[in-house]
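Reader: Hi! I'm new to this, so could you walk me through a protein model in plain words?
Author: Happy to, so let's put it on the screen.

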Amino acid sequence: MALPADPSCSVIRDAVLDVGPDGRITYCGTADTAPPLAAGVPRTHLTGILTPGLVNTHAHSPMTLLRGLGGDLSLLQWLQDAIWPAEARMRPEDARAGMLLGCVEMLRFGVTTSAEMYAHAEQVVDAALEAGSRVLVAPAVFDLPGMDWRGDVAAIGKWIDADGLRFGPGDRIELCYGPHSTYTLPPEALRVVAQEAAQRGALVHIHAAETIAEDVATRERFGSVPQLLKETGLLDGRLLAAHAVHLSDDDISLLAQAGAGVAHCPGSNAKLASGTARLHELRAASVPVGLGTDGPASNDDLDLWEEARLAMMFARLATADPLALTAEDAFLMATTAGAAALGRTDIGALRAGNWADLVHVSVDGPQFAAGLDVSDTHLVSNLMWAAGSRAVNDVWVAGEPVVVDGETVRVDRVAAQRAAARSTAHIS
């Protein structure tokens, strides 16, 4: 059985999926229309459900080292008093250890792609390649004491010019620009980022309208965060707005007109008391909205299935409508819509030409005690509400196995946990 994540969220009950030698899907459909296999090519038979790999549209995964730090603070106090001082003590090898553990955690949850914003970006890339994950890496850019935003922006451009926007086996790495936010960078920096990214066709990944304090201050000076993004040219190119909690109707229209993507992070927004994003209105305006975990120190995990459940619950509470976000909607947000928010058409769905980023969900647990002969809607509901990450059994990225029987096969999980513990001890 397969959930290809097409617009109708269809269920293929007698499914065949073929993967070519380049790691891309060549066919996904019913068995009766499947092309014949070449001589000598084996067919693997799976029970359960095959889905696309999930797409985490906003993460700071090296922060696995910082879990629980400042856990009862609001965003700005959490950043200034807890996180930024700890990150100042982080060495490149610490960031690599944290990212490797983050990759292990996400892959075991069926998250094959993450959009990362962090410092020590080369170590982030190195860890992702070791684990076999797919990542969009946006080196973080700040204008804070001791930091040189101009040099950091120039360095990103040099990296892209040297290695290309995408590289690595199966094009696992995409390079992006990561201006942290409108409150940690001046408008001049945002304009430079917009120009540099546009020249290279690169995605810009930025925190936007995350807290009420940010919203009030920015509206007083610039109209709103989306208005400032427009004035600085960031809405003219590929843009991913993380959080996007405090938006007016006009702000949503600006994002929709620009084709900007939004990373919806309900767990982090709730934990930090940042607010509840206007998900219903964003989706109604056809803004591409994916799901994001944010960092594992503000969530505190990297489980995108959990984010899907929270998104459904918060959308229903905000609208008093149980149809505000259905299980099918949430599944597509975690897959196809997440890819769209990143401006990607080659991931997030099981269709010919896409990378074979796949998740095999076991149906042996109590979550599927009703069986698989229920309606399509009932089946997807059981997957999204009841099963989630605990039912993930096997995972592939670009057709290569990265998780088998619930454990990563390219990384020793226990060793990764020990390395992360050593780095955490250094930072703390």
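What follows is a chat about the overall build, the cores, some backbone features and a few single residues.

Reader: What kind of model is this, and how are residues numbered?
Author: This is a predicted model, in which local features need pLDDT of at least 70, side-chain atom pairs count only at pLDDT 80 or more, and totals for chains, interfaces and linings use all residues. Residues are numbered from 1 along each chain as its sequence is written, and side-chain values use heavy atoms, with hydrogens and water left out.

Reader: Cool. How many helices and strands does the protein have?
Author: There are 15 helices and 17 strands. Both are DSSP runs numbered from the N terminus: helices are H or I with at least four residues, strands are E with at least two.

Reader: And what are the spans along the principal axes?
Author: The C-alpha trace covers about 60 × 45 × 40 Å along those axes.

Reader: How does the radius of gyration fit a compact globule?
Author: It agrees, because a compact globule with 428 residues would have a radius of gyration near 22 Å and the protein has 21 Å. That radius is taken over C-alpha atoms, and the globule rule is 2.2 Å times the number of residues to the power 0.38.

Reader: What percentage of the residues count as buried?
Author: Of the 428 residues, 57% count as buried. Buried means under 20% relative accessible area, exposed means over 50%, and partly exposed is in between (1.4 Å probe, protein chains only).

Reader: What about contacts between residues far apart in sequence?
Author: Take the contacts (heavy atoms within 4.5 Å) between residues at least 6 apart in sequence: 72% of them join residues at least 24 apart.

Reader: Let's go inside. Which residues have the most contacts in the largest nonpolar core?
Author: They are Leu66, Tyr177, Leu234, Phe331, Leu383 and Met384, in a core of 132 residues. Helix α2 (residues 92-108) gives the most to this core, with eight residues. A nonpolar core here is a set of buried Ala, Val, Leu, Ile, Met, Phe, Trp, Tyr and Cys residues joined through side-chain atoms within 4.5 Å.

Reader: What does Met384 touch?
Author: Not counting residues up to four places away in sequence, Met384 touches Trp305, Ala308, Arg309, Met312, Ala327, Ala330 and Phe331. There is also a second, separate core of ten residues, which includes Ala2, Cys28, Leu358 and Trp396.

Reader: Is there a general idea behind such cores?
Author: In soluble globular proteins, nonpolar side chains tend to be buried together.

Reader: New topic: the backbone. Which peptide bond is cis?
Author: The one from Asn299 to Asp300 is cis, with omega near 10°. Asp300 lies in the loop between β13 (289-291) and α11 (304-319).

Reader: And where is phi positive in a residue other than glycine?
Author: Asp171 is one of the places, with phi near 50°, and Ala244 also has a positive phi near 50°. For background, most residues other than glycine have a negative phi, and most peptide bonds are trans.

Reader: Where do Asp171 and Ala244 sit?
Author: Asp171 is in the loop between β7 (166-167) and β8 (173-175), while Ala244 is in the loop between β11 (239-243) and α8 (249-258).

Reader: Is Ala244 buried or exposed?
Author: Ala244 is buried, because its relative accessible area is 1%. Asp171 counts as partly exposed, because its relative accessibility is 26%.

Reader: Now Gly267. What is Gly267 in contact with?
Author: Leaving aside neighbours within four places in sequence, Gly267 is in contact with Ser298, Glu307 and Leu310. Gly267 is in helix α9 (residues 266-271) and counts as buried, at 9% relative accessibility.

Reader: And where is Arg89?
Author: Arg89 is in the loop between α1 (75-88) and α2. With a relative accessible area of 42%, Arg89 is partly exposed. Setting aside neighbours within four places in sequence, Arg89 is in contact with Asp94, His426 and Ile427.

Reader: Last one: how far is Arg89 from Leu379 in space?
Author: They are 47 Å apart, C-alpha to C-alpha, and 290 residues apart in sequence.
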